[in-house]
Amino acid sequence: MARSVDLNCDLGESFGAWTMGDDDALLRIVTSANVACGFHAGDPATMLATCRTAAARDVAVGAHVSYRDLAGFGRRAMDVAPDDLRAETLYQLSALTGIARVAGARVAYVKPHGALYNRIVHDTAQARAVARAVAAFDPALALLGLAGSAIEREASEAGLRFVREAFVDRAYRADGTLVPRTEPGAVLHGDSGIAERALRLVAEGRVVAIDGTDIAVDVDSLCVHGDSPGAVEMARAVRSRLDDAGVVIEAFA
């Protein structure tokens, strides 16, 4: 199979004495690391350690920007004025870029997190605030998000490279959006089934939605959530299945 795909994961989400996921193991599997910037998770020491490990293993580093919501892990709906969202996105980019530089890494792309990610699928004003913040900070940065979304359109308007993401461990609706985590069946489990699902996403650009509809999904990068149960085993299974099928797994940035 003569095609390539990136494998990304949300990492660096530990905070203080609280540990989230197995970053060390996942950084041996994935090709891109979405590093929390302190607004939904991640403290300075965690950010530095994650960037150092990513640099040592030649894993691309991305800024995992979020609404300012540590208590809710960035997954609560929030109404943030566009000007404030633009400034807060710039703040997070600045923080991770400085830490990455010291760690011997560089921030190559941006991926919004959680409630912000889902909001900018539809909300043009919020999507524009994020895209313009990224373009103002560094127009060479790529923006990772859901295909066919408001953020894809706003990224194009801002002159940014947009990278289309699909999720191996999240259920889709028939319209191509993600099933909210508050609904049953939103988060998927089972290594072999998810690995086959990942391969079909890459090979055919299709996935079965939660209602049984077979839908098209454009994909340049596959995401495995670092906080999902069994995330390491799931990521290994996905990578192994793609390798066996001849898919080249490489960072897009």
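## Briefing: a predicted fold and three of its loop residues

Phe73 counts as buried, because its relative accessibility is 11% and the cut-off for buried is under 20%. That value, like every other one here, comes from a predicted model. The protein has 253 residues, with eight helices and 10 strands. Its radius of gyration of 17 Å agrees with the value near 18 Å for a compact globule of that length.

**Overall build**
- The C-alpha trace spans about 40 × 35 × 35 Å along its principal axes.
- Buried residues make up 54% of the chain's 253 residues.
- Take the contacts with a sequence separation of 6 or more: 71% of them join residues 24 or more positions apart.

**Surface and charge**
- About 10,300 Å² of the protein is exposed, and carbon and sulfur atoms supply 50% of that area.
- The protein carries 26 positive and 34 negative charges.
- The mean positions of these two sets of charges lie 2 Å apart.

**Nonpolar cores**
- The largest nonpolar core contains 75 residues.
- Leu96, Leu143, Tyr172, Leu222 and Leu242 have the most contacts inside that core.
- Beyond its neighbours within four places in sequence, Leu96 is in contact with several residues, including Val35, Met47, Val61 and Val107.
- A second, separate core has seven residues, among them Ala108, Ala142, Leu144 and Val163.

**His113, a buried loop residue**
- His113 sits in the loop between β4 (107–110) and α4 (114–122).
- His113 is buried because its relative accessible area is 3%, and buried means under 20%.
- His40 is 73 residues away from His113 in sequence, yet their C-alpha atoms are 8.2 Å apart in space.
- Leaving out residues up to four places away in sequence, His113 touches His40 and Phe73, and its other partners include Glu13, His64 and Arg75.

**Two residues with positive phi**
- Most residues other than glycine have a negative phi.
- Phe73 is not a glycine, but its phi is positive, at about 55 degrees.
- Phe73 lies in the loop between β3 and α3 (82–103).
- Asp58 is not a glycine either, and its phi is positive too, at about 60 degrees.
- Asp58 is found in the loop between α2 (44–56) and β3 (60–64).
- Asp58 is exposed because its relative accessible area is 72%, and exposed means over 50%.
- To sum up this pair, Phe73 is buried, whereas Asp58 is exposed.

Note on methods. Residues numbered from 1 in each chain as written. Predicted model: local features only at pLDDT ≥ 70, side-chain atom pairs only at ≥ 80, totals over all residues. Heavy atoms only, no water. Helix = DSSP H or I, 4+ residues; strand = E, 2+ residues; numbered from the N terminus. Rg over C-alpha atoms; globule rule 2.2 N^0.38 Å. Buried < 20%, exposed > 50% of the residue type's maximum accessible area, 1.4 Å probe, protein only. Contact = heavy atoms within 4.5 Å. Areas by Shrake-Rupley, 256 points an atom, 1.4 Å probe, with all protein chains shown as cover. Lys, Arg positive; Asp, Glu negative; His and termini not counted. Charge placed at Lys NZ, Arg CZ, Asp CG, Glu CD. Core = buried A, V, L, I, M, F, W, Y, C linked by side-chain atoms within 4.5 Å.
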